[in-house]
Amino acid sequence: MTGWNFLRLYTVAVYLFMFLPVAVVVLLSFNSRQFGSFPMEGLSFRWFVELWNNDAIVRAFRVSLLLAALTAVISTVLGILAALALVRYRFPGKNTITTLLIAPILIPEVVLAVALLLFLRWLDMPRSFLVLLLGHVIFTLPFVLLVVQARLVAIRPEYEEAARSLGANPLQTFFAVTLPLLLPAVFAGMLFAFTMSFDDITGTMFWKPGGVETVPTQIFAMLRHSISPEINALGTVMIVVTVALPLIGMGVARRLAASRS
Amino acid sequence: MDNTRRYERLLDRYRHGDVSRRAMLGLIGASAAAYGVMGGPFRNFARAATPEQVRFDGWGGVVSEAFRQHAFDPYTKKTGIAVVDGTFGGADEYIARVRASQPGEFNLAHLSGVFDYARYHGLELTSELNEDNIPNLANVIPALQDVFRGITGGKLSAVPYDYGTTGIAYNRKHISDDEMKEKGAKILIDAAYKGKIGGWSDWKTRIWYGALQSDQDPNNIGDMDAVWDAIRANRDLVLKYWGSGAELMSLLAEEEIYVTEGWSGRIKALQDQGHDIGYLDPPGGLGWQECIFVLKGSPMEACEELLNFMLEPEVAIAVAEGQNYPPALDPAKVELSDKVKALPAFDPSGTLEGLNFFNAEYWNGNEEEWARVYSRVERGY
Amino acid sequence: MGETGAAARPWILLSPALATVAFLLVVPVLFIIVYSFWLRTATGAELPGFHLDNWQLVFGDPFYRDILLGTLRIAAITTLFCALLGYVPAYVIAMSTTRHKTLLLLLLILPFWISYIIRTMSWINILGSSGALNTVLVGLGIVPEPVQMLYNEATVILGLVHFLLPFMVLNVYVSLDAIDRNLLDASRSLGASSLQTFREVTLPLSLPGLAAGGLLCFVLAAGTYITPLVLGGPRQAMFANLVFEAVITQLNWPLGSALSIVLLVVLGAVVMVYNRLVGLGQIARSFG
C-alpha cells in the first residue's frame, strides 16, 4: 500500500523536524569553539565543566526545581478539586466557570504579568517567592484542570456509587476509589505544570523577588554578555532532565494504571 | 569600628598579595545567597533602621561575580548587612519593575548613564547621597559626576561607575578601515550592504545615528523628518536589529552581518577571541556612562558604605576587566591596570572631552513622542 | 447526605481554584481596564482620571489595526501549518497497530519539554550563515556561498509551528483514537475505498479535535512576542510586541493596558465563536 507508506514517510519527516533543533543543541554543546556554529572544530566537554562551575546557574537550577515542584503540587491539588466539582456535580453557571478557569491560557502572559504586578502594588504587597509561585500556579492551573477533567469524565460514577453504598463517606470514596483511578491524569497534569513552570520566562521576569533567578531568567542574563556554548550545554542538561522526568513519570503512571486494571 | 579595622587589614594583606582571592573569600565566608530564596511575604526590610540586607540589581554574569567577590562579601563581613543581588535583562525592564514595587524594595542598581538617571529623577525615584560617607568618590572623574549633579540640583543620587561608546563595528574582511573612515555613520545607510547591516533596536541609538546620518547635531535636531527618513533608509537595509550583547556578537562573529553599531566592550571581547572586527567611533559618535544608582526609600547609610566598597580601585578595575568597559576612576589619581588602559573608549586624560553624551533634558523632553513614533517607523511606517 | 450540603459541595471544591483565578486574574484584569483610561505624563508619571486618549490612539491609528491584522494572519498561517504537519502523524499513530502508540506519541511531543528560549535560538544555529543547513549546502557545492534564510516572516512562522505542533498532534490524536473501529470496517465493507472512508467517516469525526488544536495554536501564536524578537527581522512585530514595548520600553502603562485589552477582546471573541461552533468541552476531552 503505497499510500500508507507515503503517510509513514511524512510522519518520519515531521519527527525529524521536531528533533532537528534538539539534535543541534546537543551536538553544539560538545563543540570546542567559542561560538556555537558549524563546522565544528573538535569535541570537548569544556562547556559542561564551565556550566558545573557556574554557581549562578547551579543556584538557578535549584530555585527552578523547587518552584516547578511546588507549582506542580499546588496546581494539581486545585485542579483535582475543581475538576471533581465540574464533572461530578450539576450547578448553575458551570459553563461560565469553566471558561473562567481556562482563561489564563487565553491571556497573553505579558498582560497577566503586568496586571498582577499593578494589583500587588496597589495592595502594598512586595514581591516574594510566594507571589512568583502563585503566578506560576495561575497559568499552569488550566492545563492541569483540562487533563484531570478529561480523565475524570471517563471514570464511570458507578464505582464511586458502589463505594458509597458500602458505607464509605465522600472523603473515603475519593481516596479509596476516585484518586487511584485518576492517578495517571494526576501525574500527567503534574508533569505539564512542572515543565511549563520550569520553562517560563515572561511572567517570572516580572514576579521574581530579589536575589532569585530561575534557569530561564539566568539564561536571559547570560545573553547580554555572550552567546557561549555554555547555553547549549545547559540545553543538553535540561533535555536530559526534562526527557528523563516525563519518561519516569509516564512509566510510573503506566505501571499504576496497569496494576489497577 | 573594630570590624572596619579588621577588614582594612585584610584588604591590605590582599593588596600585598599575602592572601589569594580564594583565601580571601574563604576568610570572609559570608553566604548571602540563601537569604534571597525565601523572602517571605509582606516583608519590608528597607524601612527598618538597620537593614538586614540591601538589594543590588545588575547585568549578571562576570560583572556580578566581580562585585560579589570584591565588594559584596567584604561589605557583608564588615557590616553584617547581606547584599542580595538580582539581574535584569535591560534597563527598561528594570525600571518597569521598580515602578511596580514598594519604595525600598529595590535599593541599588547598575544603570546606564545620564538618560536613565534623568528618567528616574522624573519619576521622583532619586535619593540624595551623603558624599562624606563615600570617600572614594574623590577618585571619580569629575566630568562624569557633573552631568548627574546638573540634573539633581548639585547633589548625587548615583556614583558614576564605568563608561563606553556605541560606535560602529565592521568586518574587516569585507570593509576596509579606509572605507569605514570615509563613510562614517553613513555606512549604515549604504545600499551596497543591504541585508548585511545590523543595528541596536534601542530607539535612542537609532535616532542618534539618524541625526548623524542626516548631518545634524543629535542633541539639537532641527529637521526631525530627515532623521526619520534616515532611520527608514537604515531599516530597509537592515537584516536584524539586535537586542542583546549575545546577539550582537553572534551576528558579527558568524558573518550574518558585516557592519553594525556596537558596544565597545562587546566588540573588544570579539577581537580578543580572534575575530577580525574593526571598531570606529565616528565623528559625533555616541558615548555613555553607567552608574550605581541608589533608589529613593533605600537605607542610605548602608548603601553609601556599599558604594564606597564598590569604588575601591581593585573592585572597579576587576569589574572593568570583566566587562571590558573602562572604570569611572580618574587615571590622574588612580593607577589603572594595563588591561584597562588598552580598552576601547578609554580616555587617559580623564576629561572625556572627546565623547558625546545624550543631553538628558533634551532627550527626555522628546522621549514620549519619539519612542512611540520609532516603534511604528521600525515596523515600516 | 443533606440536600443543602450536596448543593454547597461543588462550590467548596471549586473555591480554592476560583479564589486563585479571581484574585490573581480577574481582579488584575479589571485593574488594567481602569488603567487604560489614565494618561501618561511627559515625566513618565501617571495621571489618573477618565481619559479616552489611549483608546482614540488605538482605534484611530491604522498602525495598531495593521499590526493586529498581521498578527492574526501569522497566527492563522501558523495554525494552518500545524494542522497540515500535525494531522498525518496523529493519524498514522492512531491507526497503526503497534503496541507502542503512547511511546510514539510521547516521542513526538518530547521537544515540547525543552526550554523555549533555547529551542527558539537553536534555529539560528540551523539556518544561519554558518548554521548547519548552510554548512551542508556549501559543503556539497549546491550553493556557492551561504544563503540568507533567517530573520523574516517565514522563520517566525517556522519557530511558532515548531513550538505549537505538539498541541495540535495531541488534540487530533485523541479524537482519532476515540473513533470506533467498527465504523471504519463498516464503511469498507460497504465498498468504500480507503480514501472515501477517510473523507466520509474519519475526517468528519476528527474535526472537533482539529478545531480544538487549532484554537490552542491560534491563541498561543497570537500572544507570543519572544519568537518574533529572536527570529524576526525589523518588520516582524506582532501585537504582543507592541504591548511589551508600550509597557516596558515606553513605560506607558495606560497605553499598554489599552492594547492588552484589545488583544484580550479579539482573542476572547475567537474563543466565543469557537465555543458556539464546537464547544470548549472539546479541548478538555483532548487532554485525556
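Two residues are counted as being in contact here if their C-beta atoms, placed from the backbone, lie within 7 Å, and with that in mind you can begin the tour of what is a predicted model.

Start by selecting chain A and chain C together, where 65 residues of chain C are in contact with 67 residues of chain A. Stay on the chain C side and pick out helix α1, residues 3-35, which gives the most to the side that touches chain A, with 17 residues. If you then colour this side of chain C by class, you will find 47 nonpolar residues, 15 polar residues and 3 charged residues.

Next, keep chain C selected but bring in chain B in place of chain A, and look at a contact that takes 23 residues from chain C and 27 residues from chain B. On the chain C side, select α3 (62-95) and α11 (239-249), each of which supplies at least two residues of the side that touches chain B. Of the elements of chain C, α11 gives the most to this side, with 4 residues. Coloured by class, the side of chain C that touches chain B divides into 11 nonpolar, 9 polar and 3 charged residues.

Finally, select chain B alone, for which the domain assignment gives domain 1 as 2-163 + 288-341 and domain 2 as 165-287. Give each domain its own colour and look for the contact between them, which takes 6 residues from domain 1 of chain B and 8 residues from domain 2 of chain B. The side of domain 1 of chain B that touches domain 2 of chain B has 4 nonpolar residues, 2 polar residues and no charged residues.

Methods: Residues numbered from 1 in each chain as written. Chains lettered and ligands numbered in written order. Predicted model: local features only at pLDDT ≥ 70, side-chain atom pairs only at ≥ 80, totals over all residues. Nonpolar A, V, L, I, M, F, W, Y, C, P; charged D, E, K, R; others polar. Domains from an automatic or database assignment.
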